[in-house]
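Visitor: Could you walk me through this structure? I would like to reason through it step by step.

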2 protein chains.
Amino acid sequence: MTTAVETQTSTAYQELITHAKEVHLLAGTTSILGWDQEVFMPQGGVDYRAEQMAQLARIQHEKTVDPRVNDLLQECEGDSKLTGDPLSPSAVNTRELRRDYDRKTRLPASLVEEEAKLASLAQHTWADARKEKDFPRFAPLLEQIVDLLRRKAECYGWAEDGEAWDALAEDYEPGCTAEDVDRVFTPLCERLRTLLEEIAGASQAPSNAFNETKLPIDQQSKFMSFVSEAIGFDYSRGRLDVSTHPFTSGSHCNDVRITTRFSESNVNDALGSTMHEVGHGMYEQGLLTEHIGSPMGESVSLGIHESQSRMWENQVGRSREFWTWCAPKLKSYFGNACDSLTIDDIYGGANIVKPDFIRVEADEATYNMHIVVRFQIERAILRGDLEVKDIPDVWNAKYKEYLGIDVPNDAKGCLQDIHWSMAAMGYFPTYTLGNLYCAQFFEKALEDMPDLHEQFARGEFDSLKKWLNVNIHQHGRRYRAADLCQHVTGKPLTADPLMRHLEGKLKPLYGI
Amino acid sequence: MTTAVETQTSTAYQELITHAKEVHLLAGTTSILGWDQEVFMPQGGVDYRAEQMAQLARIQHEKTVDPRVNDLLQECEGDSKLTGDPLSPSAVNTRELRRDYDRKTRLPASLVEEEAKLASLAQHTWADARKEKDFPRFAPLLEQIVDLLRRKAECYGWAEDGEAWDALAEDYEPGCTAEDVDRVFTPLCERLRTLLEEIAGASQAPSNAFNETKLPIDQQSKFMSFVSEAIGFDYSRGRLDVSTHPFTSGSHCNDVRITTRFSESNVNDALGSTMHEVGHGMYEQGLLTEHIGSPMGESVSLGIHESQSRMWENQVGRSREFWTWCAPKLKSYFGNACDSLTIDDIYGGANIVKPDFIRVEADEATYNMHIVVRFQIERAILRGDLEVKDIPDVWNAKYKEYLGIDVPNDAKGCLQDIHWSMAAMGYFPTYTLGNLYCAQFFEKALEDMPDLHEQFARGEFDSLKKWLNVNIHQHGRRYRAADLCQHVTGKPLTADPLMRHLEGKLKPLYGI
């Protein structure tokens, strides 16, 4: 029998979820407008679209911080039927909605506005400074950003044994502290340096022939549609388009929009981008329809999201077995253009390691060094251990130390990325956390399905997709990233699986 | 010197316009979601998109009927500086926003909800009934719709010498009464019958060869991009895509989305659709940026909108001079496929007249008879002069009388169009009002620029576009349709220009 009190509490939960779905509907609308802007909107639409997006943000913010939500949360939190099992959907949704509500309401409106204005100004100045290779021009803005981020972190608060960075990273990687990152990045950095030194001294190297083969873009486009569908992207619940910077967006798990880009001279770049975004897209498609609009239907963190994109880009797309299946397909899309390439040329070409300056152009191994540098610098800045004006010197010294290269100017150095100008600190590490989670998940998947590579060689990718659906996607935000890792792999995150993966692949290729 | 009262009133106008723009931003967002749904959205997005659209409609409605608007309107209406010159932007905006506000607030929410539910149900039933060619199945729903529309008209009210139809048509053709329509349709119908009888008895007819030439769709698509840009569609402020049913949409004058469709066996159909939507699109692009979001930046009526689409589809696209320029271009898009066609074949093929059952497939002349039938029936129904159950008999008798054809079943008769099932009565006449306005405007344009046809033959369409920009587009909602016609052409709307156009073109083609 249902008592009056129980009914009331259950009603509170329903109202809470209905409210969350209202907010989610608006977020999905904003997302579609953003996608349209990047993919199809004519130039003339720019100014008005900014106003449309700002209006939706205002409406969404008003709904989000409605004090009624706090009342509903309190009712739900006091109801053991809802929250007694902490991993039940109702407990997870209550916990995560509380977290989101508290974070949103802790920031004063004036700070939010100040951040939006400062970030807008800083992005413009950053773009100019990068063009002119002139860090001092950007430095005063970055100082203001650091000051603002410290105040923002104060609003959020952090654990007694933590630091301001932790409070900011919470927006991207909930529950992850600088200490957590450092604990994994330090051994990663050390082992990676050794590997890169070995590669630098190797007498053997893969052929670059595949990367020098020019292939027509309209055929590349058809090839990407084929590959993306073959590895499991569901076109009845998503689409693939073209944009300057590839991204994954959409409204919900049944309408996922991914994009890629093409260059005539590098099909590998387009394939990497496409498989990367397909990985993000399949994570979104793997969330459950029944949870649309509530935290149980949302992804865990940027790091876990990146683990899914890297899974398909690197663990699958840069494996010899993938190319065993895929190389013969090149013929039907590109005719004789690839006839002279062997599997070794193609697989090798997808795995060349070459230390260079630009993060977004980096290979699978050196990429992580770019991230380590950024993390160490932003952490030091927020702790007050490093002054903004000294960033270029430290940056360049670290590139020399970790990658053995001399940064020629700040445009190719500390000015290359937009993130800090957008007031995003705590973001960069999620890229390498993604690589680390990816490798640890994939080792476990291989343990569960030892013939996975043989499946790839036959063009079968469904087992891996289903494994990810069951072990990662369906949980939504049930677990924090670190807990999910423990739950799935039985171990905390370490650098070992990623290093095993890189060493296992690269040493034979470089004859080490 | 500005007095306190003046400042306050001016502030009221600014607040009024700001409010209108807020509503317009939401409408633009809704419009982009609607466009996306028809053009690009994957199948999986259907249900959620409906919820997103419903949410935006709710938010927009709440804003629209905000009583604050009434206060602001009263302040503005009492300020002679704003409304003293009735054709000034401030007077027009005040007048039209008052009209819109009153109409929105006159309908009780219960009636709006009843209409939405009934229309949804009726559309499903109509689709089934059409499939089964079974009018009696749809009749009970249509009776309920007529009852609801009479109540809706009562809420709106109409002039003492008018009728319920007038109140409903106001949504599509503001200021237009059934008597106004009848005054032009009656002579149109008579003269058209005579012309169609002459054509039916003619011994000569244009060649159908062009319409039987199969042309590859990807080349048709490139051809449509070329033609649409050549006649003046601005791709920096709009785009052309493909959808099942062609339409024009977008956010505002600088972001206009048009669509077309292709059939391998009929490039003329795609060209007609494309030029039609380009005409709608150029009207939208011709509205002024400075008035975005206020009535001065909106189109007059569906009839005037249709006059712009028909201008480019029929007056330009079906003229001999257009083909003098365009026929040689076919070669570069379709190779030798059109080599055997003469200008007479192509121009003639675009102007074949053949009475048939289906409105949307009708030629330029018989099209208007389809509309006359619908108008006469919906007017009689609303007046109570005709019962719903008797529609098929009256419909079929009129098709026999006006077009000389025997309607084989209700699917090809009174069940062919969706409009009445959507509770839209007063809509159909706007199609033929568009043709009438179009012809009258074009005669005036020819009077102002006697060499217009020679310009078309040289591929020059800019003079006509500019003439439409200046005479029609830039006025926004300054004039009601009938007043705009009087203002531009110096005469009230009559059937004469359209009949002169049709007779002048068709008689030579049919050797009459």
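The questions below cover the sheet, the contact between the chains and the symmetry.

Visitor: In what order do the three strands of the sheet in chain A stand?
Guide: This is a predicted model. In chain A, β1 (238-242) and β2 (248-252) stand at the edges, each with a single partner strand, so one side of each has no neighbour in the sheet. The sheet is open and its pairing is mixed. The order is β1-β3-β2.

Visitor: Which residue of β3(A) is the bridge partner of A:Ser249?
Guide: Strand β3 of chain A covers residues 255-260. Four bridges join β2(A) to β3(A), and the two run antiparallel. In β3(A), the bridge partner of A:Ser249 is A:Arg257.

Visitor: Which element gives the most to the side of chain A that touches chain B?
Guide: The contact takes 29 residues from chain A and 29 residues from chain B. On the chain A side, α1 (4-39), α2 (46-64), β1 and β2 each supply at least two residues. The most, seven residues, come from α1(A).

Visitor: How many residues on the side of chain A that touches chain B are charged?
Guide: That side can be split by residue type. It has 11 nonpolar and 12 polar residues. The charged ones number six.

Visitor: What axis relates chain A to chain B?
Guide: A turn of 180 degrees and a shift of 0.1 Å along the axis lay chain A on chain B with an RMSD of 0.0 Å. That is the relation of a two-fold axis.

Visitor: Why do the copies meet through the same surface?
Guide: Look at the interface residues of chain A. The copies meet through the same surface because the share of these that are also interface residues in chain B is 100%.

Terms used: Residues numbered from 1 in each chain as written. Chains lettered and ligands numbered in written order. Predicted model: local features only at pLDDT ≥ 70, side-chain atom pairs only at ≥ 80, totals over all residues. Pairing = 2+ DSSP bridges. Contact = placed C-beta atoms within 7 Å. Nonpolar A, V, L, I, M, F, W, Y, C, P; charged D, E, K, R; others polar. Least-squares fit on C-alpha atoms with pLDDT ≥ 70 in both.
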